[in-house]
Amino acid sequence: MNLAEKFGPIVGLKLGRSLVVTVSGPAAIKEVLTRAEFDGRPDGFFFRLRTFGKRLGIVFSDGPLWKTQRRFSLHHLRNFGFGRKQMEEKIQDECKSFVEKLNEKCNLPVFMHNAFDISVLNALWAMLAGKRFDVDDERLTTLLQIIHECFRIVDMSGGLINQMPFIRYLAPSACGYNQILDVLNRMWTFLQETVDGHKRTILSQPRDLIDAFLHSMTIKVDVSFTDDQLIALCLDLFMAGAETTSSSLGFAAMYMVLNPDVQKKVQAELDEVVGRGKWPTLKDKGNLKYTQAVLLELQRISNLAPMGIAHRAVKTTKLMGYDIAENTIILTNLYSLHMDPKIWENPKKFQPERFLDRNKLNAHEDYYIPFGLGPPWRPFIGNGPELRRLAKEYGGQHLAITELARRYDTEVVGLKLGKERVICVCSYATVRQVLTSDDYQGRPDNFFMKLRTMGTRKGITVADGDLWKEQRAFLVSHLRALGFGTTLMEQMIKEEIKQTITLIEKNVEMVDLSATLAPSILNILWTLTSGKNVKGNNRVEKLLQLLRQRTRAFDMSGGTLNNYPWLRFVAPEKSGYNLMKTINIEVRNLIMETINDHKKSWKDERCDDFIYSFLTEMKKREGKRSYFSEEQLVMVCLDIFIAGSATTSNTIDTALLAMILYPEVQDKVHQSLDSAFKKNADVSYCDKERVPYVNAVLLECQRYFPVVPVIGPRRVLKTTHLDEYLIPKETTVLLNLHSVHHDQNYWKDPAVFRPERFLDENSNLICQDRVLTFGLGKRRCLGEALARACLFLFFVEILRKYKIEYTGSTKPTGKQTPGMIMSPEHYKAKFSLRV
């Protein structure tokens, strides 16, 4: 801090042979933490000493080894409960055991500095090695005490032994070399015994992370899977569990002793929210605002790792105007953030109230870990141009996000798009957490969302809060009453299939399905909504064409127009603003005509279709404060119209295209259908269980060719945590389903179209929750029942009747056209009657 006050936020030093830069202040620290140029770890004597003279483990390694081993560790730790309910249950078990031990020592002095060591370690060690230790384990207690002493000998730069390695020959004890070697030898012996025990008892199904690593060694997944790497990995995780969290809890106990008034407030809140008769859970966290404020203040004032973890510049670059040479060690002075009087009033005072704003938690996220790793933000414009450049280069926003996640080796990519903070979530665990957590149930309140709803933010798709809850429930219940999800809907689907096949029969040599499918799907939804058939309606055909243009002009973040709304004044045509305005006018006119026709023929309690049902409810609530208004009805009809215009039809279109691209799969589909159904038999959606291979093909189509590869957007309703990041309130969240559906670690061969992955050895369909086409949680797709039934029945009836081949000289490639939703490439097919 003193050097920073004298020389500025970037201070250059020479420690031994190493060039070292210390970085202070929020701007400089955030730049180091978010730039790929500073993602390296130091390569010095101390850092190699702890891992057999090599660069192993995950804490102080970098490059390909670090990426491979970090992904492996996170993936398998999650499989064994890390970040899930199982982990919470393990932690609760350790808490109960710890409290029982405390009860035995009630009214006796307890040394709290290392009281939490074994309990905290157990929560991690159970997932790592499948074992827990007794709180009074003497060998482990001694080992942990030595580790604590070792941390006091060495600082984050590696200490004197790293700066002048030769000193170990002159003063081995004074420089800490003997003590470090003693700790390492004990640790290596302890860990080797644990690994050897696993080798003697290993099973075909991994029990824990060590088993999973040994399996990967056996099948030679990667050259980085070695015995030494396993010991180094265990050492990193052991020390992480043994030092940081347990020391934080030790500080917490100390500050409660020093601040009894704070302790009483925490206890009062816990009594009120949780009660003394049960254990707290993570679900209680949102209601424990004062307790959370205390924990934030503890992290701020205790400064457990005041210099963070050392970084290394992987190439020569610049930082805040200074030249930073390749291999320079970078130390981030987190103490300068946490104790800066310009940021915190009276920073040396323990004051949890600084994190509360009118009884609401204010996490001051600007001075904490960034909300996701990603490229640095450019002034005024953020990351918008870079994201669009990558989307163009790689073939879509989803692939651009995947590339950024790869570059920054993170599952949560942080971006600034215009004025919006945006995180892009890229793994199954984090996507599932967002989809199922109430913290992420909002929708962004941005320019595109307002433009899409004609300035209202009404309807269902874009709405949130009480309006969304009430209107969604009303729509679902009344669509069901009208036949949605029933045999009546299935009859409507079959009628549309007959008409589609009639169109095919008229021109079997050259059929353009994309122009046929969208009106068919829309017709079913619109008939339930308005009682009207829209097939052959020129205005509707024009609107569908405009909506197809919209999907190509925008992406799920709202596109350039959303990032920079002022473009509508400068380039209204190029930015897509004029297109959106035209769509709004055309759709509103169509919907208002339909509503006005319904008004003329409406009678009390009339519920022939959704519009009549809505008008009836409006009449009932006249004169009362209500969400049922004409404007809301227009927006709900707009949502239904847009929902029926593209996604399901594109999915069916893509599935049929896949049969052209993979004729051997089409042959198997034909065989499956022929063996399950007689030639002229009536097939219903409930018959899907009879054709597991067909279902596997449709699942693989949804996985391999996701029509909506980035879903959302969501809005964070309150400051929360995701993975290792603090996510501020009002952050926009995009969910990259493509990265989930193409996860190399899970699918093994995601770039291969292989329906058999969804079948077991007996050719039965495997229940698969990793294909998230329709989302999860409270915002799960409303049209799922229609989409699934349409996809199955259209696909089955067309394939029962025809063999599909491409027509023309050029075979389709399967490459999708990017946009808000993905469209199959334009192709024409030949439909040959099967004998």
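How do the residues of the lining of the largest cavity divide into nonpolar, polar and charged? The first legend takes up this question, and the legends after it turn to other parts of the structure, which is a predicted model throughout.

**View 1. The largest cavity and the residues that line it.** A search of the whole structure finds 4 cavities of 30 Å³ or more, and the largest cavity holds about 50 Å³ of space. Its lining is made up of Gln397, His398, Asp555, Met556, Pro709, Val710, Gly819, Met820 and Met822. By type, the residues of this lining divide into 5 nonpolar, 3 polar and 1 charged. One of the lining residues, Val710, belongs to strand β11, which spans residues 710–715 and is the subject of View 4.

**View 2. An open sheet of 4 strands, in the order β1-β2-β6-β3.** The pairing in this sheet is mixed, and its edge strands, each of which pairs on one side only, are β1 (10–15) and β3 (311–312). As a general rule, the strands of a sheet pair through backbone hydrogen bonds, and they may do so in either the parallel or the antiparallel sense. Here β1 and β2 (residues 18–23) run antiparallel and are joined by 6 bridges, whereas β2 and β6 (residues 329–332) run parallel and are joined by 4 bridges. Val20 of β2 can be followed from one partner to another, since Leu13 stands opposite Val20 and the bridge partner of Val20 in β6 is Ile329.

**View 3. The hairpin of β1 and β2, with 2 residues between the strands.** In this hairpin Gly16 takes a positive phi near 65°. Among the residue pairs that can be picked out across the two strands, Gly12 has Val21 in β2 as its bridge partner, and Leu13 stands opposite Val20 in β2.

**View 4. Strand β11 and its cis peptide bond.** Strand β11 is mostly covered, for 5 of its 6 residues are buried. The strand pairs with β14 (residues 732–736) in the antiparallel sense over 4 bridges, and Arg715 stands opposite Thr732 in β14. Pro713 has its place in β11, and the peptide bond that joins Gly712 and Pro713 is cis, with an omega of about -15°.

**View 5. Helix α21, residues 487–506, and what covers it.** The helix has 20 residues and reaches 29 Å from its first C-alpha to its last, which is close to the 28 Å expected at 1.5 Å a residue. Its buried residues are Met489, Glu490, Met492, Ile493, Lys494, Glu496, Ile497, Thr500, Ile501 and Ile504. A general point helps in reading such a list: an α-helix has 3.6 residues a turn, so residues three or four places apart point the same way. The elements that cover the buried residues of α21 include the helices α22 (514–530) and α34 (784–801), together with the strands β15 (802–806) and β16 (829–833).

**View 6. Asn695, a buried residue of helix α31.** Asn695 lies in α31, a helix that spans residues 692–704. Asn695 counts as buried because its relative accessibility is 13%, which falls under the 20% cut-off. If its neighbours within four places in sequence are left aside, Asn695 is in contact with Lys688, Leu765 and Phe792.

**View 7. Arg457 and Lys748, two loop residues with a positive phi.** Arg457 is not a glycine, and yet its phi is positive, at about 55°; this residue is found in the loop between α19 (447–452) and α20 (465–481). Lys748, also a residue other than glycine, has a phi near 70°, and its place is in the loop between α33 (744–747) and α34. Are these residues buried or exposed? Arg457 is buried, because its relative accessible area is 18%, whereas Lys748 counts as exposed because its relative accessibility is 60%, which is over the 50% cut-off.

**View 8. Gly321, in the loop between β4 and β5.** The loop lies between β4 (317–319) and β5 (322–324), and Gly321 is exposed there, with a relative accessible area of 64%. Gly321 and Leu140 are 181 residues apart along the chain, and a separation of 48 Å lies between their C-alpha atoms.

Technical notes. Residues numbered from 1 in each chain as written. Predicted model: local features only at pLDDT ≥ 70, side-chain atom pairs only at ≥ 80, totals over all residues. Heavy atoms only, no water. Pairing = 2+ DSSP bridges. 1 Å grid on protein atoms, 1.4 Å probe; cavity = no way out; pocket = protein on both sides within 12 Å on 5 of 7 lines; lining within 4 Å. Points joined across faces, edges and corners; volume = space filled by probe spheres on them. Nonpolar A, V, L, I, M, F, W, Y, C, P; charged D, E, K, R; others polar. Expected span 1.5 Å × (residues − 1). Buried < 20%, exposed > 50% of the residue type's maximum accessible area, 1.4 Å probe, protein only. Contact = heavy atoms within 4.5 Å.
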